[in-house]
Structures are given as C-alpha cells and as structure tokens.
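The following account leads through a protein model, beginning with its sheet and ending with its ligand.

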Amino acid sequence: MKRIDIGIIGAGYIAAVHADVLARDDRVRIAAVHDVVPACAERLARTHSAIAVATTLDLLERSDAVFITTPNTQHVSLAIAAIETGKHVFCEKPLATNVADAQMVFEKTRNARGVFQVGHNRRFAPVYVELKRMLSETHAPHSAHVKMNRGELLKPEWTGNPEITGGFLYETPIHMFDMMRFLFGEVESLHAIGSRHEYNEIDDFSVLMKFASGMHATLATAADASWLFPFERVEVFCHHATLVTREMESLTKSSNLEGHFTTQTMQQLPREEKWGYLQEDRAFIDSIANNSPPLVTAFDGLRSVEIADAVYESVRSGTPVNVR
Ligand SMILES: NC(=O)c1ccc[n+]([C@@H]2O[C@H](COP(=O)([O-])OP(=O)(O)OC[C@H]3O[C@@H](n4cnc5c(N)ncnc54)[C@H](O)[C@@H]3O)[C@@H](O)[C@H]2O)c1
C-alpha cells in the first residue's frame with residue numbers, strides 16, 4: 001500500500017508530539033510542514049526528512065492527510081480548506097471557538113471525502129478508557145466532581161490572549177467538556193458562575209451540570225491556580241463506590257464501606273501513550289487505511305464547543321442554560 005503523505009500546519013509543541021508518533025507508523029510519511037514562522041517549519045521538517053513549504057496551498061498539494069496544529073482561532077479556515085480539497089483531516093482541539101463556526105465545519109464534514117477527527121486525546125488515555133469501562137460495566141455513576149486547573153496562561157504566549165484562544169474555556173477546559181460527554185453522555189443543562197482575576201477574561205469557573213441520563217456533576221476550572229499535582233482530577237460517586245482519577249497517571253477505586261481501595265497506575269507508560277496521543281494518531285490512520293469512521297468526530301467537536309458556549313452564556317446571564 002502507498003504510504004499516506006502527511007502535511008502538518010503549525011509546527012509548534014503539539015505538532016512535534018504528533019510528528020514523533022507518526023514517524024513510528026510505517027503506513028505514513030511526513031511529507032510537508034508549513035508554519036507562518038518559516039524557521040519553525042524548517043526545524044520540524046528537518047527532524048522528519050520532510051519539506052518545509054511556504055503556503056498552505058503547497059502543503060495541501062503534497063498531502064493526503066493534514067494535521068492542523070495551529071492556535072485555536074486558526075483551525076476553522078484551515079479545516080475548511082483541507083476538507084474542500086478532499087484531504088483527511090486531524091484537527092487539534094477546539095474544533096472552533098464559537099458554535100456557528102463549529103456547526104459550519106460539522107456540516108462540511110457530512111459530505112467530505114476524507115476522514116475528519118478532532119484531537120480530544122483524553123478519550124484515548126488509558127486512565128479514562130478504564131474509567132469509562134468501569135462506569136458502563138460495573139459502577140453506574142450517580143454524580144461526579146471534576147476539576148481542571150492551569151497554573152498560568154503564559155506558555156505558549158498566545159494562551160493568555162482570548163482573541164487567539166477564543167477564551168480560556170476553549171483552550172483548556174474544553175478537554176473536560178468532551179471527557180464528561182464521553183463518560184456521562186449528553187449534557188442537558190448547566191448553571192455557571194465565573195470571575196476574573198489575573199487575565200483579561202473570565203479565568204475562574206464553577207459549573208453545575210445536568211445530564212440527559214439524570215446524572216449531575218460539578219466542574220471547577222481555573223486558569224490562574226497553580227500546577228499542584230493533580231491539575232486534572234475526576235471523582236465519580238456510584239452505589240457505595242468512589243472512582244477517582246489523578247491526572248492521567250492513576251485510577252483509584254473504593255467499593256466497600258471500610259475505605260479500602262485499589263489503585264491502577266499508568267505512571268510507567270510513556271507520556272504520548274499515557275495522554276492518548278499515540279492511540280488517537282493510530283486511530284486516525286486506521287480510519288484512513290480501513291475506510292472506517294473516526295473515533296472522535298466533528299459532531300463531538302461541535303458538542304464540546306456548544307458546552308463551552310453555554311457556560312459563557314450562563315455566566316453572562318446569571319441563569320441556567322439549556323445546552324442545544
Ligand atoms: N490535545 C492536547 O492535549 C493539546 C496540547 C497542546 C496544544 N493543543 C492544541 O494544539 C494547538 C497548537 O498548540 P501548541 O501548544 O502546539 O502551540 P504552539 O504555539 O507551540 O504552536 C503553534 C504553531 O502554529 C504556528 N501558526 C500560527 N498560525 C498559523 C497559521 N495560520 N498557519 C500556519 N502556522 C501557524 C505558530 O507559528 C506556531 O509555531 C492549539 O489549538 C492547542 O489548543 C492540544
């Protein structure tokens with residue numbers, strides 16, 4: 001089989017993570033890299049014996065599949081250009097930074113020739129795969145508490161600029177919106193309070209969520225806390241059982257009334273596997289090779305954008321909001 005030629009648009013941190021994973025997959029070849037900063041494209045291209053190209057058009061001509069790894073507000077126009085030229089697309093999260101744009105990309109993917117996958121990597125992280133298995137097989141969830149903190153919005157520099165991120169919720173907590181849908185199903189309504197501290201936007205949120213299943217959950221997320229471990233934690237409360245994840249490092253289960261617990265650790269896994277990057281990239285290439293549907297669709301990307309949008313709307317209005 002001919003190798004799948006991959007083009008990478010945006011040659012920063014996460015592009016290098018994907019490129020390292022793809023370089024280990026015999027089915028693909030990194031063909032071309034484009035970045036608005038040519039030196040970034042050249043550096044990544046050199047590492048993988050690819051060509052650095054000056055334009056998106058040139059990159060599309062040399063690629064069967066593209067990875068969109070630019071900052072958030074640059075995803076939509078690039079995704080549409082890639083879909084319209086019939087490419088397979090892996091688009092980093094968020095799919096878009098407003099509902100209208102997310103809907104537009106979703107509509108485009110309905111008649112697309114290629115596979116379209118969104119980079120919600122948490123779905124592939126072993127800690128969450130195992131948690132989902134427990135929730136569907138042995139421990140039906142009653143409620144949950146989820147938190148995701150950042151210590152700062154300084155690295156990369158653009159993460160503190162809502163004009164580029166679309167807002168903090170689209171940058172970091174969007175991971176948790178997708179994760180909560182993955183674990184608990186569709187969100188029906190939510191009520192959020194937010195406040196502004198260190199940055200030029202609302203940077204601290206408390207959200208109360210109701211799911212279509214009847215389950216409920218809280219999400220606490222702050223951009224300006226600290227990097228105290230674990231900055232990502234999920235606690236699920238079930239019938240005389242509590243399931244707790246710490247980062248993507250471990251999963252603890254206590255299912256008795258004595259407080260005894262067992263912990264599965266994923267600490268020993270390489271980071272790209274622990275965080276699900278390796279598995280999501282393999283899944284994307286599998287979908288292309290087997291002509292099978294992607295495991296994280298544009299619809300999933302749209303839904304997580306709708307939840308982020310509903311949280312902002314609830315903070316603005318001070319009232320509960322139905323999620324479309
Ligand atoms: N799934 C995850 O866990 C995860 C982790 C990190 C980043 N991300 C996402 O990946 C994207 C990139 O993040 P990063 O941390 O790699 O950022 P980065 O700043 O390290 O890299 C972005 C690169 O894109 C380039 N760029 C900007 N606009 C461009 C354009 N229009 N065309 C071509 N290149 C352009 C920049 O010059 C830069 O080199 C963001 O959307 C971010 O949210 C996802």
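**From the sheet to the ligand**

In this predicted model, 6 strands form an open sheet with parallel pairing, and their order across the sheet is β3-β2-β1-β4-β5-β6. The edge positions belong to β3, residues 51-53, and β6, residues 116-119; each has a single partner strand, so one side of each remains without a neighbour in the sheet. On average, and with direction ignored, neighbouring strands of this sheet are turned by 20° against each other.

The edge strand β3 may be considered together with its partner. Strand β2, which comprises residues 28-34, runs parallel to β3 and is joined to it by 3 bridges. Within this pair, His-34 stands opposite Val-53 of β3. A helix also packs on the sheet: α11, residues 277-290, touches β1 (4-9), β2, β4 (65-68), β5 (88-92) and β6. The direction of α11 makes an angle of about 160° with that of β5.

Attention now turns to the ligand. Around the ligand there are 26 residues, of which Asp-35, Asn-72, Lys-93, Trp-158 and Tyr-277 come nearest. For Trp-158, a polar side-chain atom lies 2.8 Å from an oxygen atom of the ligand. Backbone atoms also take part in such polar contacts. A polar backbone atom of Ile-14 is 2.9 Å from a ligand oxygen atom, whereas in Val-36 a backbone N or O atom lies 3.4 Å from a nitrogen atom of the ligand. Taken alone, the ligand exposes 840 Å², and the protein buries 86% of that area.

Methods: Residues are numbered from 1 along each chain as its sequence is written. This is a predicted model: local features need pLDDT of at least 70, side-chain atom pairs count only at pLDDT 80 or more; totals for chains, interfaces and linings use all residues. Side-chain values use heavy atoms; hydrogens and water are left out. Two strands pair if DSSP finds at least two bridges between them. Helices (H or I, at least four residues) and strands (E, at least two) are DSSP runs, numbered from the N terminus. Axes are lines fitted to C-alpha atoms, for helices over the stretch in contact, and angles run from 0 to 180 degrees between N-to-C directions. Contact means heavy atoms within 4.5 Å. A residue is near a molecule or strand if one of its heavy atoms lies within 4 Å of it. A polar contact is a pair of N or O atoms within 3.5 Å; within protein, one must be able to donate a hydrogen and the other to accept it, and residues adjacent in sequence count only if both atoms are side-chain atoms. Accessible areas come from the Shrake-Rupley method with a 1.4 Å probe; for residues, only the protein chains shown count as cover.
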